[in-house]
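Dear colleague,

I am passing on a structure that you have not seen before, and I would be glad if you could look through it with the notes that follow. They go from one element to the next, so that you can keep the view open while you read.

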Amino acid sequence: MAISAQLVKELREKTGAGIMDSKKALEATNGNIDEAIKWLREKGIAKAAKKADRIAAEGLTGIVQKGDKAVIYELNSETDFVANNQKFLDLVKKIGDALVNSDVKNIEDAMQIKIDGTTLQEVITHAIATIGEKITLRRFAIVEKNNDQSFGIYWHSNKRIASLVLFDGKVQEEHGKQVAMHVVAMNPKFVSRDEVSKEYLAQEKEILTHEAKNDPKNAGKPDNILEKMIEGRLNKQLSEMSLLDQQFVVDPNFKVSDFVKNNGGTVAKVIRYEVGEGIEKSTVDFAAEVMAQVNKK
């Protein structure tokens, strides 16, 4: 099939691969982007998709706690200029207060929440008319804790990213906030490696195997040595993606699991929202900002 320039551009943006490599990958996979990403990884040309599944949206996140209930949410606008408008900021707060005082389960029900006798849908519609941009409540999650649980809450200074951690056990507020801060900075894919599916592991092992065998440096190495190398790389990958295995950004002398355990808890649930799924900042940028905030204290 003919490979369009737009398709090549999309693959390059997602993987960082060159034009010819991207074109070859798409030709080899009949224009299937996901298969092309896998093809590039197997050839050692791209480590992973960089921009897959991102949402092109501006806006802000929000997070509100009230007693044993907390809500984390994302409100989208069309431009970052409007996202910093005071009327938009007031709307973010109003929506957070409405959600945390409700028990709604989905966006449709949330739109019917009454605020001073007016539905949330009408409040947002009025804001659209006043501000002049489309505004959308994209997602939210309401979490409740019991008397033996505690929250970790962190809302980044730019208000575009927030995390909510639920602990089993009485973790102090400041320590819980530090774990939530780590979640913002390092963006773990899983809470623990136990959550990783067999299918995911098999796929990653297959990719790492092809990558190792295509590497000229490994030419002539026996299969058992290659197997150990692949297992080592897979284990390293899992430790980088799993929250509990990660080195704690606030104190690298600890793994996150050790820090939480030393403070009397275990991680029960983690939710991390970022506007546009990571378009604005890289993980390294957030880690640097978080560490700067830690060092100020």
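Helix 9 and its surroundings

In this predicted model, helix 9 runs over residues 198-214, and because each of its 17 residues counts for 1.5 Å, the helix should span 24 Å, which agrees with the 24 Å that separates its end C-alpha atoms. The buried residues of helix 9 are Glu-204, Ile-207, Leu-208, Thr-209, Glu-211 and Ala-212. Among the elements that cover these buried residues are helix 3, at 33-42, and helix 10, at 223-241.

Helix 1 against helix 3

Helix 3 also meets helix 1, which is made of residues 5-15, and the axes of these two helices come within 11 Å and cross at roughly 50°. Helix 1 is therefore oblique to helix 3, and the crossing of the two is right-handed. On the side of helix 1 the contact is made by Leu-7, Glu-10, Leu-11, Lys-14 and Thr-15, while helix 3 contributes Ile-33, Ala-36, Ile-37 and Leu-40.

The sheet

You will also find an open sheet of three strands, in the order 1-2-5, whose pairing is antiparallel. Its edge strands are strand 1 (58-66) and strand 5 (136-144), each of which pairs on one side only. On average, and with direction ignored, neighbouring strands of this sheet are turned by 10° against each other. Strand 1 pairs with strand 2, residues 69-77, in the antiparallel sense over nine bridges, and within this pairing Thr-61 stands opposite Glu-74 of strand 2. Helix 5, which covers residues 86-100, packs on the sheet and touches strand 1, strand 2 and strand 5, and its direction makes about 145° with that of strand 2.

A residue in strand 4

Is Thr-119, which is found in strand 4 (residues 118-119), buried or exposed? Thr-119 has a relative accessible area of 12%, and because buried means under 20%, this residue is buried. If its neighbours within four places in sequence are left aside, Thr-119 is in contact with Met-111, Gln-112, Ile-113 and Lys-114.

With best wishes

How values were computed:
Residues are numbered from 1 along each chain as its sequence is written. This is a predicted model: local features need pLDDT of at least 70, side-chain atom pairs count only at pLDDT 80 or more; totals for chains, interfaces and linings use all residues. Side-chain values use heavy atoms; hydrogens and water are left out. Helices (H or I, at least four residues) and strands (E, at least two) are DSSP runs, numbered from the N terminus. The expected span of a helix is 1.5 Å times one less than its number of residues. Buried means under 20% relative accessible area, exposed over 50%, partly exposed in between (1.4 Å probe, protein chains only). Contact means heavy atoms within 4.5 Å. Two strands pair if DSSP finds at least two bridges between them. Axes are lines fitted to C-alpha atoms, for helices over the stretch in contact, and angles run from 0 to 180 degrees between N-to-C directions. Angles under 35 degrees count as roughly parallel, over 145 as roughly antiparallel, 65 to 115 as roughly perpendicular and the rest as oblique. A crossing is left-handed if the near helix is turned anticlockwise from the far one by less than a right angle, and right-handed if clockwise.
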